[in-house]
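Please read the points below beside the sequence and the coordinates, since each of them refers to places that can be checked on the display.

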Amino acid sequence: MFLNQKSQVKEILRFTAPKYREGTEPCIYFYAYDPKSQAMKRKRIKIAHLGNLKERKRRAPILCQKFMELLSSGWSPWIDDDCPHTGFNEAIEMYVTYITREHRNKSLKESSFKTYNSYIKMLRIYNDSRKKPIVYIYEMTEKFITDFLDWIHYERGNTYRTYNNYINFFNTLCIFLVKKKILSENPAEDIHKMKRTQTMKTRNNFTEKDLRTLFQRLEMHDKKYLLACYFTYYCFIRPNELYRIKIGDINIEQQTVFISAEISKNSLDATVTIPQIVIELIKELGIMNKSKDCYVFGQHFKTSKTIGHNKMFGNYWDRFISKEGGLCPEFKGKGYCFYSLKGTGITTMLKKGVPSIIVRDQARHQDITTTEIYTKGRNLKAPALLKDYCND
């Protein structure tokens with residue numbers, strides 16, 4: 001702790017006043033903080049070439065003053081002239097100010113704003129944990145970023161998806177800093193993402209029996225949470241979208257729910273079909289009797305003008321569904337979670353013969369190949385139509 005404080009004091013001092021010394025090698029010297037070595041180092045500028053002793057004595061005070069002004073403005077003799085001199089924390093704060101303004105202007109989603117702030121927090125924690133934390137932003141090199149990514153993935157055990165999301169974050173951060181002339185180039189642009197195979201999500205789909213059990217027990221004990229499950233299973237609405245849906249987004253006559261670009265994952269407006277079974281439950285719960293600006297799933301799952309949180313669906317699942325003593329304790333260890341309902345719903349719809357393109361639109365997948373991931377293992381037998389196929 002003492003060493004860290006000492007390092008911080010050195011960073012604040014940064015330099016001593018330049019002095020003139022004649023001696024055998026006439027020079028101007030001073031000490032300046034070197035961020036790489038985390039120490040104050042002496043810098044000497046030889047001035048023997050300036051003329052005789054009288055001329056040197058005349059010009060030395062002027063040079064000392066000039067160097068003092070340069071040092072006071074942030075110049076460092078240990079950093080190349082084409083490198084920026086902005087401090088690491090100062091540059092990060094500038095970015096925080098930028099995303100805060102973008103969020104306030106609604107140019108940046110609430111979820112993205114929270115995620116970026118979380119990433120920035122982890123970046124600061126990592127830098128503080130280093131034996132020699134970086135001081136200037138120019139020290140945030142490609143190696144620094146890859147070391148950070150390794151720390152996130154291997155030491156903290158985050159998934160490849162999180163690893164790749166951090167790469168996106170660093171590119172966004174560095175592009176901002178380059179535009180602001182704080183960095184001369186983007187050190188993250190050549191960092192490759194981890195490759196992911198086109199596979200199903202690692203969360204498990206429900207068996208038909210377990211899904212029926214879940215719906216039957218919620219029908220008896222918690223119809224509001226059942227409605228949340230229905231929206232995810234039948235309409236494929238994500239938790240991060242579900243908690244922000246308002247009554248005004250639902251059209252009972254048209255059997256649709258509007259997902260605005262402001263809350264959707266792909267930032268596109270979309271209209272999703274609500275099956276009749278979901279409509280009936282909405283009517284039974286009297287959801288549509290409330291004001292149009294009320295959230296369907298507000299705070300504590302109540303239909304109100306107080307917004308809830310995207311994690312409340314998963315938290316409820318962990319506390320009251322799969323936990324021992326919950327509604328479905330037999331689910332423990334089966335790999336189910338609230339979001340398993342979406343994958344199960346897509347897979348079931350495809351099994352029942354609904355065309356992939358319709359399922360794609362309901363799930364709001366941008367590419368049909370994403371939808372078809374859910375068909376793997378569905379048709380393992382050779383289709384009878386193709387067995388006798390001939391071009392004659």
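**Notes on the predicted model**

1. Tryptophan 317 has a relative accessibility of 1% and therefore counts as buried. The model in which this residue sits is a predicted one, and the remarks that follow should be read with that in mind. The ring of tryptophan 317 forms an aromatic pair with phenylalanine 331, with 6.2 Å from centre to centre and 20 degrees between the planes, an arrangement that is stacked. Because tryptophan 317 belongs to helix H11 (residues 312-321) while phenylalanine 331 lies in the loop between H11 and helix H12 (340-351), the pair ties together parts that are 14 residues apart in sequence. Phenylalanine 331 is likewise buried, its relative accessible area being 2%.

2. What is the accessibility class of aspartate 318? Aspartate 318 is also part of helix H11, and with a relative accessibility of 48% this residue counts as partly exposed, because the exposed class begins only over 50%. Along the chain, aspartate 318 and phenylalanine 338 are 20 residues apart, and their C-alpha atoms are separated by 8.7 Å.

3. Two residues in the loop that leads towards H11 deserve a look at their backbone angles. Histidine 300, placed in the loop between helix H10 (276-285) and H11, has a positive phi, near 60 degrees, although this residue is not a glycine. Phenylalanine 301, found in the loop between H10 and H11, also has a positive phi, of about 70 degrees, and is not a glycine either. As for their surroundings, histidine 300 is exposed, with a relative accessible area of 62%, whereas phenylalanine 301, at 14% relative accessibility, counts as buried.

4. Aromatic pairs can be followed beyond the one described above, since the count for the model comes to 34. One aromatic cluster is formed by Tyr95, Tyr98, Tyr116, Tyr119, Tyr126, Phe144, Phe148, Trp151, Tyr166, Phe169, Phe170 and Phe176. Among the members of this cluster are Tyr126, Phe144, Phe148 and Trp151, and these four residues appear again in the helix contact taken up in the next point.

5. At what angle do the axes of helix H4 (residues 110-129) and helix H5 (residues 142-155) cross? The two axes come within 11 Å and cross at roughly 100 degrees, a value that lies between 65 and 115 degrees, and H4 and H5 are therefore roughly perpendicular to each other. On the side of H4 the contact is made by Met122, Leu123, Ile125, Tyr126 and Asn127, which meet Phe144, Asp147, Phe148 and Trp151 in H5. Sorted by class, the residues in this contact are seven nonpolar, one polar and one charged.

6. One open sheet consists of three strands in the order S1-S2-S3, paired in the antiparallel sense. Strand S1 (19-21) and strand S3 (39-46) are at the edges, and because each has a single partner strand, one side of each is left without a neighbour in the sheet. From one strand to the next, the twist averages 35 degrees. Eight bridges join strand S2 (residues 27-34) and S3, which pair in the antiparallel sense, and within this pairing alanine 32 has lysine 41 of S3 as its bridge partner. Helix H2 (residues 53-72) packs on the sheet and touches S1, S2 and S3, its direction making about 15 degrees with that of S2.

7. Another open sheet of three strands, again with antiparallel pairing, has the order S4-S5-S6. Which strands stand at the edges of this sheet? They are strand S4 (250-251) and strand S6 (270-273), and since each has a single partner strand, one side of each is left without a neighbour in the sheet. S4 and strand S5 (residues 256-259) run antiparallel and are joined by two bridges, with threonine 256 in S5 as the bridge partner of asparagine 251.

8. Some totals for the chain complete the note. The secondary structure comes to 15 helices and six strands, and buried residues make up 40% of the 392 residues in the chain. Of the contacts in the chain with a separation of 6 or more, 59% are accounted for by residues 24 or more positions apart.

Note on methods:
Residues are numbered from 1 along each chain as its sequence is written. This is a predicted model: local features need pLDDT of at least 70, side-chain atom pairs count only at pLDDT 80 or more; totals for chains, interfaces and linings use all residues. Side-chain values use heavy atoms; hydrogens and water are left out. Two strands pair if DSSP finds at least two bridges between them. Axes are lines fitted to C-alpha atoms, for helices over the stretch in contact, and angles run from 0 to 180 degrees between N-to-C directions. Contact means heavy atoms within 4.5 Å. Angles under 35 degrees count as roughly parallel, over 145 as roughly antiparallel, 65 to 115 as roughly perpendicular and the rest as oblique. Ala, Val, Leu, Ile, Met, Phe, Trp, Tyr, Cys and Pro count as nonpolar, Asp, Glu, Lys and Arg as charged, and the others, Gly among them, as polar. Rings of Phe, Tyr and Trp (its six-membered ring) pair if their centres lie within 6.5 Å; planes under 30 degrees apart count as stacked, over 60 as edge-to-face and the rest as tilted. Buried means under 20% relative accessible area, exposed over 50%, partly exposed in between (1.4 Å probe, protein chains only).
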